Amino acid sequence: MTDQTSFHSGLLNPTVPVPDGLIDARHRPAGRRYGVYRNNVTVSLRDALAEGFPALVSLIGRENFDHVARAYLRHAPPTSPLMMHYGATLPDFISTLDQLKHLPYLADVVRIDVAMRQSYHAADSTGIDPSTLQALEEEHLLATTFHFAPSMILLRSTWPAGSIWHYALRDGAKPTGQAEDILILRADYDPEPYVLGAGSGDVVQALQSGVPFGTALESGGDAFDLAALLNLLLSQQAITDLNH
Amino acid sequence: MPDATHAFPHLPNLPGVGYKPQHFSDILDNPAPVGWLEVHAENYMGDGGRPLAQLRVLAERFPISVHGVGLSIGGEGRLDSDHLARLKHLCDWLNPASFSEHLAWSTHDSHFLNDLLPLPYTSDTLTRVADHIDEVQTVLGRRMLLENPSSYLAFAESTYSETDFLAEIVRRTGCGLLLDVNNVFVSATNLDYSPQGYIDAYPLDAVGEVHLGGHDEDEDDHGAPLLIDSHGCEVVDPVWALLDHTLAQSGPKPLLVEWDTDVPDWPVLADEARRAASALTRVLS
């Protein structure tokens, strides 16, 4: 009898022999025929990862990516049939690979790939009319808390991860070595990672935590450009509700 | 999520195609001869975004078949109740013209393997599959179609032929069948039996949909042909001939062209659908 435990055991481990009880039409051992399933499993998971991690593929090349993907899928096979979520732990896994230690920023760039896909599949929402915000008196505005779109994701990197992502996929300028906050916003159906100006990441993080606008502004610092941040949030439909 | 329209209670006896997002505009602008679409359920289980928005638009124009690829109906373990609930949510929202899944397993010990893996055909596996189908049909509140797999090997312990196994599943559960004639051709070649003989023994009365797709060619350890179900190229002539053989006995059916890898531009896929339309015309003449 060939139970699914034995059939399963060799699928992700090529050193495990072909399970007994699997045969061809002449009752000979299945041999290579079992290898078709082995190959299908690995290739389908690898290709699903490649689709979900375009920046990583671009930065290290498809051949290197395939090696990383093969190691990852054996280390962490999917635990759900929703392949749209597969690879959420790939950034942490990458941090553990000796072969990629010379690219210490890579995990944060891969976190952008993860967040882009998460944003793509997030629930739809509608941004507030900018006039709603403009109509508030200052006293009210400072006491207001913001609700954000489910598709909005803030990432804070000690590396220029956003610029590297743009360099990899959008022909962006060669990144310079400074920390970056990245805000992924989805006005319609296509998420986009924006590199935030100084202080904006602190303010967005504070607003996300639910503190009033006035309190959040205090975390911005001297170089913080409020108009630029509000313009970005409003134009990308990121603010979905205000609570006074 | 607002309800999608559900003006299409059944799949029509017309060609359909497996929907790919890159064909969205082409399908809306110039669908002929495509009369319905099939989507992989798992691609529409996000919370929102473009996939669901496109599906909402398509469902207003076309009957939709929801085709699951991750339920692991042939699995030794229990069905994943979270996944079944997601399928129910999708089907309740979309009210598709058809729901189908595979005679295969894909999950073991909570690992999802993203492939359709084979099972032996025995009285034990028959009971298990029938119980799982009962559960699916009860939870979804609808009849499902079960698809025959592509096989690359056989199990020494099997005591049923695949056709007898499927016929008994239909008898026990009342489910319908999705007959993939490319899978029949692939399995028959790989396991050295007659694909026409398979069709002749198959419970055609239960067929609610027919699949067509392309396959790759390889060899086993002994140099024997080993066909691999790839959905990455045109349907080959012997499979079209097997379709004719099938339709001559079954009468017209909803015919789906699957092309999932190396997806071509719309005109190429539409040509394959035209070829399916010709097969339907032949059976009616």
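**A tour of chain B and its contact with chain A**

Begin by selecting Ile23(A): opposite this residue stands Ala154(B), which belongs to S8(B). The model on display is a predicted one.

Next, extend the selection to the two strands concerned. S1(A) and S8(B), the latter covering residues 154–155, pair in the antiparallel sense, and two bridges join them.

Now widen the view to the whole contact between the chains. On one side, select the 39 residues of chain A that are in contact with chain B; on the other, the 34 residues of chain B that they meet. Three elements of chain A each supply at least two residues to its side of this contact: helix H1 (4–9), strand S1 (22–23) and helix H2 (32–52). Colour H2(A) separately, for this helix gives the most, with 10 residues. Colouring the chain A side by residue class then shows 24 nonpolar, 10 polar and five charged residues.

Hide chain A and turn to chain B as a whole. A cartoon representation displays nine helices and 13 strands in this chain. The radius of gyration of chain B is 18 Å, close to the 19 Å that the globule rule gives for 285 residues, so chain B is as compact as a globular protein of that length. Oriented along its principal axes, the C-alpha trace of chain B spans about 50 × 40 × 35 Å.

Finally, look into the interior of chain B. Of its 285 residues, 49% count as buried. Where contacts in chain B link residues at least 6 apart in sequence, 76% of them join residues at least 24 apart.

Technical notes:
Residues numbered from 1 in each chain as written. Chains lettered and ligands numbered in written order. Predicted model: local features only at pLDDT ≥ 70, side-chain atom pairs only at ≥ 80, totals over all residues. Helix = DSSP H or I, 4+ residues; strand = E, 2+ residues; numbered from the N terminus. Rg over C-alpha atoms; globule rule 2.2 N^0.38 Å. Buried ≥ 20, exposed ≤ 12 C-beta atoms within 10 Å, placed from the backbone. Contact = placed C-beta atoms within 7 Å. Nonpolar A, V, L, I, M, F, W, Y, C, P; charged D, E, K, R; others polar. Pairing = 2+ DSSP bridges.
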